[in-house]
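Got the viewer open? Let's take a short walk through this one, from the whole fold down to a pair of side chains.

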Amino acid sequence: MSKSIPYQPLILRLVHGVSGFLAIGALITGFWVYNTYDGRFGALKLPELYDAQGLHGTFGLFFLISFTGLAIYSLYWGSRRLLFPDFWRRLWHQPGQPVWWVNLQRLVNSLMLVAATLAVISGRMMQESWLPFGETHHLVYQVHLLGWLVLLISLILHLVMSFKVGGMPLVLSMVQWGYRPEESPALWWQRLRQRLRR
């Protein structure tokens, strides 16, 4: 594979970076909330975090906002990085070859979108009073725990697959600062107005 750093669209880098940061924050604070109020599947001896639930909710709310942008981008402009109709046939064609790993990465990317959607929707449906009062039996909370777990696993797999498919150049392409003149943020408002007029 080429060692040159591929170019990623500016808007993708922005929504991907912000969503990634907020997702990691939500995962960490989510575990802290689980560790404080539940811990049925195991717990760690962590220091008490002031208003862990409120902090988790804040990360979750901002993640919901940024994730909406990432989901729209992924489904509209970045759909080639997601599952496609003949995915299963292509996945089992030439196992171990580069194209096979790319198809596997598409599966992981799609799984991450589903897990994040599950986590944010179930999180917004929860009530803050449940966990402090030991009410861990609610179905919405169980779904939220499942969403947290699948999101964590898919995030780890996403990083592994990014290194496997594109190596360090692909990873570095997501943290570049430069952008092409036609992608300048100064043009965003003008382009949005043009689209809304159509």
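Start with a cartoon view of this predicted model. Colour by secondary structure and you'll find 6 helices and 0 strands. Follow the chain along its sequence and the pattern reads α-α-α-α-α-α.

Next, strip things back to the C-alpha trace and line up the principal axes. Along them the trace spans about 50 × 45 × 30 Å.

Now bring all the heavy atoms back and look at contacts. Take those with a sequence separation of 6 or more: 73% of them join residues 24 or more positions apart.

Switch to a surface. The accessible area of the chain is about 12,800 Å², and carbon and sulfur atoms own 69% of that. How much of the chain is buried? Of its 198 residues, 38% are.

Time for charges. Select the positive side chains and you should get 17; select the negative ones and you get 8. Put a marker at the centre of each set, and the two markers sit 18 Å apart.

With those charged groups still on screen, how many salt bridges turn up? The count is 1. To see that salt bridge, select Arg-40 and Asp-38, show both as sticks and check the N to O distance, which is 2.9 Å.

Last stop: keep Arg-40 selected and colour by relative accessibility. Why does Arg-40 count as partly exposed? Because its relative accessibility is 39%, and that label covers values between the 20% limit for buried and the 50% limit for exposed.

Conventions:
Residues numbered from 1 in each chain as written. Predicted model: local features only at pLDDT ≥ 70, side-chain atom pairs only at ≥ 80, totals over all residues. Heavy atoms only, no water. Helix = DSSP H or I, 4+ residues; strand = E, 2+ residues; numbered from the N terminus. Buried < 20%, exposed > 50% of the residue type's maximum accessible area, 1.4 Å probe, protein only. Contact = heavy atoms within 4.5 Å. Areas by Shrake-Rupley, 256 points an atom, 1.4 Å probe, with all protein chains shown as cover. Lys, Arg positive; Asp, Glu negative; His and termini not counted. Charge placed at Lys NZ, Arg CZ, Asp CG, Glu CD. Salt bridge = Lys/Arg side-chain N within 4 Å of Asp/Glu carboxyl O.
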